[in-house]
Amino acid sequence: MRETESIAAGAREYTRPNLTDVNSLRPGPFNICIMNAEWRTLAARTVPRYTSYPTAPHFTSAIGPKVAAGWLAGQTDESTLSLYIHVPYCEQLCRYCGCHTKMVRRRGPIETYTDRLVDEITTVGAAMRGKVVYIHFGGGTPSILAPEGLHRVSAALNASFDLSVVREHAIELDPRRMTEALVNALASTGVNRASLGVQEFSAHVQEAIGRIQPYEVVADAVGALRRAGVGKIAFDLMYGLPRQTARDAQRTAELAASLRPQRIALFGYAHVPWFKPHQRLIDEASLPGTQARLEQAEISRGTLIALGYIPIGIDHFAWPDDELAEAARSKRLRRNFQGYTTDNADALIGLGASAIGRLPQGFLQNAVDIRSYSQAVQCGGIATAKGFALSQGDRLRARVIEDLMCYFEVDLDEIATEVQFEEDFQPELARLSPFVATGFVRIDGRRIAVTDEGRPFARIVASTFDSYLQTGQARHSAAV
């Protein structure tokens, strides 16, 4: 019996929800905002997702390997570290994908990349101190390293960093590429959280995005992970996909919730064919318009809330007893390149091609091109190609934007006091007046709150405090 078959058979021992019961769920009704022409124009504006501030398009090559080495060496034995390992390969490229990844079918490039990852881990680990508290493998499809590659990278991490107090070891997975050997490797290397790319369960939408992945495939993957002891499960869902309807989005939310993941991320599809040429394979005429996207987002959100999930920020959901929900309640929530997180480490170290790190001094990004990255690492150097040195004003604005994105409110005076930097923000407050007039924002002195009706526009409200947005040439995704 092939490994994939044995996993499928074994996973069926895990109690799977009754699909008939799941399809009978009809949470609602939902209060869908019907946008007028002015609001539709607002929702169609393109703004960053603010997983960092300043955002990556503003990074500069003035921050290179020499600066990076100094920043890395600035950590102490008491510093807490978070490691992000990027694997830029997939066996098949999905049409909707916006990640730094490429398709590969041969093992050679993957094995060579594994060698370079091990080299970089060794070099960076020797350059710094501190204890690792979070590990996250992203991509691409990190599991493409295969069990032997994952074991090699894990051994390098153990040899180069202090992993004695790791709280979370997460990996992003493609449910279609699961084997028994892979699941066993994940468990044996310490993975305790798996994030599965689900996107949509409707067959006609899966066909349109080039990712055929029936519900049973995802259910089998979840069952296999749980039986192996990888008990923390997260799903990624999407709205705004080609041929997708509000009913599709609702049914997908219902089916996803039936598998009981502790966390669900709900992202709007970003159609950026000028940046990701493979997205040209998607028929633009089949993409839902702004009002339809809002309906899909709101009906998905309402469904997940009705089924017991707590909304976190603009696009995440968690069980009430999950660490993410607790962090939101206690105002300890953070937002980084993986989205909303409990990761409060002093430094985020990016490893792998295109990986971005954040240190107290600023941001560092490795070379995006795999060849350039490999050459830098193979020569024993640091692969940083660009970055951004943070000013005190940048830190202040970053806190304002992060609070708006995490909690939908911010006290400008409180943050300015914490950051020890004064700025009147009068131009920004004035630019918020149209949002106040529509009821999307309330301003009380220097305290700003996004109302429930205004939450779909939270990214636009946050962008008001982005002093770099108007100076760059970057193109971003639609706000809703």
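**Exercise 1. Find the contacts of Q206, leaving aside its neighbours within four places in sequence, and decide whether Q206 is buried or exposed.**

Step 1. Take contact to mean heavy atoms within 4.5 Å. Leaving aside neighbours within four places in sequence, Q206 is in contact with E200, F201, R211, I212, Q213 and P214.

Step 2. Place the residue: Q206 belongs to helix 8, residues 203–209. Helices here are DSSP runs of H or I with at least four residues, strands are runs of E with at least two, and both are numbered from the N terminus.

Step 3. Judge the burial. A residue is buried under 20% relative accessible area, exposed over 50%, and partly exposed in between, using a 1.4 Å probe and protein chains only. Q206 has 3% relative accessibility, so Q206 counts as buried.

Before you go on, a word about the model: it is predicted, so local features need pLDDT of at least 70 and side-chain atom pairs count only at pLDDT 80 or more, while totals for chains, interfaces and linings use all residues. Residues are numbered from 1 along each chain as its sequence is written, and side-chain values use heavy atoms, with hydrogens and water left out.

**Exercise 2. Describe the surroundings of E168.**

Step 1. Look for E168 in strand 5, which covers residues 168–173.

Step 2. Check its relative accessible area: at 11%, E168 is buried.

Step 3. Collect its partners. Setting aside neighbours within four places in sequence, E168 is in contact with V133, Y134, I135, N192, R193 and R263.

Step 4. Pick out one of them, Y134. E168 and Y134 are 34 residues apart in sequence, yet 5.1 Å apart in space, C-alpha to C-alpha.

**Exercise 3. Test whether the length of helix 14 agrees with its number of residues.**

Step 1. The expected span is 1.5 Å times one less than the number of residues.

Step 2. Helix 14 has 16 residues (392–407), so it should span 22 Å. Its end C-alpha atoms are 22 Å apart, which agrees.

Step 3. Look at the cover: 13 of the 16 residues of helix 14 are buried.

Step 4. Look just past the end: helix 14 is followed by F408, whose phi is positive, near 65 degrees.

**Exercise 4. Describe how helix 14 packs with helix 15.**

Step 1. Axes are lines fitted to C-alpha atoms, for helices over the stretch in contact, and angles run from 0 to 180 degrees between N-to-C directions. The axes of helix 14 and helix 15 (residues 412–419) come within 10 Å and cross at roughly 140 degrees.

Step 2. Classify the angle: under 35 degrees is roughly parallel, over 145 roughly antiparallel, 65 to 115 roughly perpendicular, and the rest oblique. Helix 14 is therefore oblique to helix 15.

Step 3. Name the residues that make the contact: Q392, R395, L396, R399, V400 and D403 from helix 14, with L412, I415, A416, E418 and V419 from helix 15.

**Exercise 5. How many disulfides does the structure hold?**

Step 1. Count pairs of cysteine sulfur atoms within 2.5 Å. The structure holds zero disulfides.

Step 2. Check the burial of two cysteines. C97 has 10% relative accessibility, so C97 counts as buried. C406 is buried too, with a relative accessible area of 5%.
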